[in-house]
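I set out to look up local features of this structure and to record each finding in turn.

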Amino acid sequence: QNLLTFSNEKKQSSLTHQIQTLNFSFFRSMIQRFDRNDRRILTFPAVHPCEGISPATLLGSLITLSKGICNFKSKFFPSQRRNVREMIRQVGILLIFFEEIQDHLPSDRDSIVLCFAELHTTFQKIKFLLDDCMREGAKSWMLMKSHSVASQFQVLVRTVATALDVLPLNSLNVSREIKELVLMVVNQAQRAKMELDPEDEEAVKRVILLLNQFENKFQPDPCVIKKFLDYLDITTWAECHKEIKFLEDEINIECSENYEREVPMLSSLVGFLSYCRGILFEDFVYGNTDQSDGTSNLETLSCLNPEDFRCPISLELMTDPVTVSTGQTYDRASIQKWLNSGNLLCPKTGETLQSTELVPNSSLRNLIQQFCADNGISLVKSRKKNRDISRTILPGNPAAAEAIKFLSEILACRLYFGSDQQKTKAAYEIRLLAKSNIFNRSVLIEAATIPALLQMISTNDPSMQEHSISALLKLSKHSNGKKVIMENRGLNPILGVLKNGLKLESKQIAAAIIFYISSPREYRKLIGENPEVFPALVDLIKHGTSCGKKNAIVAIFGLLLSHRNHERALGAGTVPALVSLLASSDKVELNTDALAVLATLAERTEGSFAILEASALPVILKQLQNTTSRAGKEYCVSILLALCANSGAEVLAALVREKALMPLLYSLLTEGTSQAKKRTRSLIKILQRFCETSTSRFVSEVSQEQSIDVR
């Protein structure tokens, strides 16, 4: 009996230990989950210890946390140095206490767990705050938030004092010296004033003075700016660039959450530091920066039709697209007004709506916002103003606006009169600035940067050519940028890069520029009339990278919006190049764009003949069967329908022989868009009619033969 009781107690103890181990593992994993830089700055998602956790387990985790905090002692803190030192000192003293009692915890477990649990949560927050104080790229923002950060230190140190109040210090088996140290921490924590460091306060005043000077259209003294940058240890181009990138990410988060109170200050710092990066730092080594902004960031286009972004009711660009039960998409304000008037029919199809539920079409909304940002279009509606678009058009702060204006003038001057190295760096700065927002693009265009960049792209320096053509790409997205490029006869030098660029990347960027500058109808015609444009784009389809092929295809797609360019595209061998690409490529997006161009060309009789001459029919059928893109399937149906209409019985006979075709078409009737369903139904009817006609003709011919035999 005793042995059995002992065995059961041992099993229970083992089970309890396993549960505590699992709880602790989960607890630690939750802490590690938040102990990363993807946590938003100045947020403290501390994990409270699990209920029932043992004092020993909790104490072990506390010791680990305390050591982690004490390791910050050797780190450099750009701001809050005094508060950081005091906080680390207090935690270091408590670490001595924790290690002293680790081997002989007292019997009064409840108060111990209560104290340790509160300290554990507080220490997590302290570590988060210390991480933020030295976070890469956040030096300037943490300085400007120094009053708030100092308050956070004050709150945390008082929380430590409150937690230690419930600690049964007299019942602990520790030396008198250790107890005195803990009491000293309690007294100091209760009386501590974690105030703003005077040096930080002076630096904040200096920044505000500099921003005020920009706002008043006065260019600050570079020595004063350098003093501020040195204080935060921002001493290289790369460090300044990281600061700007962090601030821009914060602006995006603020705007996405519709909480824009901090945006003016964030924007002013972006403008100020962009000025610093462009003017004060000459140490930049090309290719060493983050790839998201660096030389490997290659823009890829897509065959998007802007007309698809308009509401069928208002004919205006949709700011809040929603989908109704028939699958049609409308702007929320327009369709809601339609429904409120008692209409229960789909305005476009006339079908009865099974439900009045409006489903947000977030994918289309993102496409519309990107299209508007790229083309400088402002979405201002009577009921609603799109925040994302307006934010990119207008400067976030007057100081930022003036800083960018000063910077643009200086960069333009360097493009015209600087050394080759200064010109290349200026082109790269323009590339970064124009990527940020539409306001920057408009200011850079007004500063006459485009004529200088057009001259620079004809250089024999690969780096200068790449950065210059990339800067032109960003500026070509602005409506004024397109105009300035064409007025300065920019097509020929851009075409020169497309044909003979020193890098494949430069060629594909040139193709993207042709797409953007051909969006206005009058320029589309002029570009198409140049006899070298289509052959150069077709050559890029044949020999370019995947990105280059895609950009060339989309540029052709844009030019085909002018019907006069169809014949030129066919004459340049566009169809054989696209058919060859479809036969060998396994990239879904690339193939979908190629099918989009073929569908456009197939609308005309000469285009259909060119597709048949290229033996494209088997390739199109294979794409219809294998592609995972719904749009790709719809383009295939459009091509087949056009071929049937323009080429007659030969195509119909070939399609009828394809046994797998009809099941594919019937599946599209349930999966596709309303336009695709309409075309699919038309194709099915044509094929069925051809079968019926061929069968009756065959029966008639057989009857005639039989009657002849009887005779």
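**Helix H31 and its ends**

I began at the start of H31, where a side-chain oxygen of serine 629 comes to within 3.4 Å of the backbone nitrogen of alanine 631. The model is a predicted one, and I read the entries below accordingly.

I then checked the length of H31, which comprises residues 630–647. At 1.5 Å a residue, its 18 residues should span 26 Å, and I found the end C-alpha atoms 26 Å apart, in agreement. At the other end, I noted that glycine 648 follows H31 and has a positive phi, near 80°.

Is H31 largely enclosed or not by the rest of the structure? I found 13 of its 18 residues buried, so the helix is largely enclosed.

**Helix H33**

I next listed the buried residues of H33, which covers residues 661–671: Leu661, Leu664, Leu665 and Leu668. Viewed down the helix axis, these buried residues fall within an arc of 95°, so they line one face of H33. In an α-helix there are 3.6 residues a turn, so residues three or four places apart point the same way. On the other side of H33, I recorded Pro663 and Thr670 as exposed.

**Positive phi outside glycine**

Most residues other than glycine have a negative phi. I therefore looked at two residues that depart from this.

Lysine 217 has a positive phi of about 60°. I located lysine 217 in the loop between helix H8 (198–215) and helix H9 (222–231). Its relative accessibility is 59%, and since the cut-off for exposed is over 50%, lysine 217 counts as exposed.

Alanine 448 also has a positive phi, near 65°. I placed alanine 448 in the loop between helix H17 (438–446) and helix H18 (449–456). With 32% relative accessibility, alanine 448 counts as partly exposed.

**Cysteines**

How many disulfides does the structure hold? I found zero. I also looked up two cysteines: cysteine 311 is buried, with a relative accessible area of 0%, and cysteine 346 is buried, at 2%.

**Confidence**

I closed with the pLDDT, which averages 84 for the protein, with 83% of the residues scoring at least 70. Over residues 3–7 the pLDDT stays under 50, and I found zero contacts beyond four places in sequence for this stretch. Over residues 286–297 the pLDDT is likewise below 50, yet I noted 29 contacts in the model between this stretch and residues beyond its near neighbours in sequence.

Conventions
Residues numbered from 1 in each chain as written. Heavy atoms only, no water. pLDDT = per-residue confidence, 0-100. Contact = heavy atoms within 4.5 Å. Disulfide = S-S within 2.5 Å. Buried < 20%, exposed > 50% of the residue type's maximum accessible area, 1.4 Å probe, protein only. Helix = DSSP H or I, 4+ residues; strand = E, 2+ residues; numbered from the N terminus. Expected span 1.5 Å × (residues − 1). Polar contact = N/O pair within 3.5 Å; in protein donor to acceptor, adjacent residues only side chain to side chain. Arc of directions from axis to C-beta.
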